[in-house]
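Let's take a walk through this fold together. Have the viewer open, and follow along as we go from the sheet to the helices and then to the core.

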Amino acid sequence: MRRQALAILMLLTTGAASTVTVTWAQQAVPASAPSAPASSVDPDAVQALHSMGTYLQSLQRFRVFTDLTGERVLADGQKLQHGANATLEVDRPHRLRAVMKSARTEREIIYDGKQATLYSPQHKYYASVPFDGTLAQLVEALRARYGVELPLADLFSWGMPDAQHQKFDSAMFAGQDYVGNDLCDHYAFRQPGIDWQIWITSGSKPLPRKVVVTRTDDDARPQSVSILSWQPGFSIKPSTFDFRPPAGAKRIEAVQLPANKG
């Protein structure tokens with residue numbers, strides 16, 4: 001039983017961690033794109049991130065779809081790219097359904113405000129644990145207790161009080177660009193271990209449309225790209241957040257990580 005639990009949790013974790021991106025967005029970098037000194041932090045860029053987070057937290061109900069592309073680096077340095085997608089349906093403060101798919105795996109996370117369930121449709125295994133916190137707390141609990149990463153987890157931390165204390169080595173505005181049909185403001189940030197970029201829709205409803213993360217703590221500098229498509233105010237049936245085990249599904253034990261790895 002314990003082996004089964006570990007298997008499903010590893011499946012859920014590995015899939016989330018290895019997601020990647022393909023982008024049909026406008027990716028051309030203007031020749032005149034500014035370059036920032038490594039230590040410069042533009043307060044307007046930081047404020048734009050906070051404003052986007054505040055708007056995100058104001059969305060009571062939404063659906064967001066993302067195409068993910070990531071890189072896996074082999075021992076000899078060769079990079080392999082792979083893709084996945086995820087759909088999140090959210091009804092704040094306590095309900096969420098996330099469906100993650102790739103050619104190799106499919107996983108679901110369902111939270112109804114009282115119970116969180118991890119389900120693997122391929123293997124028909126599921127594990128449910130009681131939980132009654134907010135979505136931000138759920139994201140952290142899944143990561144710390146079970147090693148499970150929710151795709152687009154930052155959506156639930158941007159705009160929260162703790163995000164105000166986030167430290168950057170550099171932050172800059174890199175100009176405007178289109179992602180799909182949306183004109184976006186492009187920002188670039190540096191933090192220990194990662195460089196990351198975000199494209200935020202211009203105007204009064206700032207939403208993240210594209211996120212690129214480059215690991216700088218790895219000499220191979222693997223990169224992941226996420227393209228997000230939004231449906232704010234999406235009408236979601238309450239039953240979306242109920243988990244009823246499909247026929248043949250087998251419940252397994254959710255095994256927590258050792259305390260020193262949490």
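What follows is a short tour of a predicted model.

Start with the sheet. It is open and has 12 strands, arranged in the order 7-8-9-10-11-1-2-3-4-5-6-12 with mixed pairing. Its edges are strand 7 (170-179) and strand 12 (250-251), each of which pairs on one side only. At the strand 12 end, the partner is strand 6 (residues 125-130), and the two run parallel over 2 bridges. There you can find tyrosine 126 opposite arginine 251 of strand 12.

Now turn to the helices. Helix 3 (residues 135-146) lies across strands 2, 3, 4, 5 and 6, and makes an angle of about 130° with strand 4. Helix 2 packs its buried residues against strands 7, 8, 9, 10 and 11. Those buried residues include Ala45, Leu49, Met52 and Leu56. An α-helix has 3.6 residues a turn, so residues three or four places apart point the same way. At the N-terminal end of helix 2, aspartate 42 acts as a cap, with a side-chain oxygen 2.9 Å from the backbone nitrogen of aspartate 44. A quick geometry check also works: at 1.5 Å a residue, the 16 residues of helix 2 should span 22 Å, which agrees with the 23 Å between its end C-alpha atoms.

Which residues touch the most other members of the largest nonpolar core? They are Phe156 and Ile198, in a core of 48 residues. Helix 2 is the top contributor to this core, giving 7 residues. Apart from it lies another core of 6 residues, among them Cys184 and Val212. Looking beyond its sequence neighbours within four places, phenylalanine 156 contacts residues including Phe62, Leu88, Leu96 and Val139.

Conventions:
Residues numbered from 1 in each chain as written. Predicted model: local features only at pLDDT ≥ 70, side-chain atom pairs only at ≥ 80, totals over all residues. Heavy atoms only, no water. Pairing = 2+ DSSP bridges. Helix = DSSP H or I, 4+ residues; strand = E, 2+ residues; numbered from the N terminus. Contact = heavy atoms within 4.5 Å. Axes fitted to C-alpha atoms, helices over the stretch in contact; angles between N-to-C directions. Core = buried A, V, L, I, M, F, W, Y, C linked by side-chain atoms within 4.5 Å. Buried < 20%, exposed > 50% of the residue type's maximum accessible area, 1.4 Å probe, protein only. Expected span 1.5 Å × (residues − 1). Polar contact = N/O pair within 3.5 Å; in protein donor to acceptor, adjacent residues only side chain to side chain.
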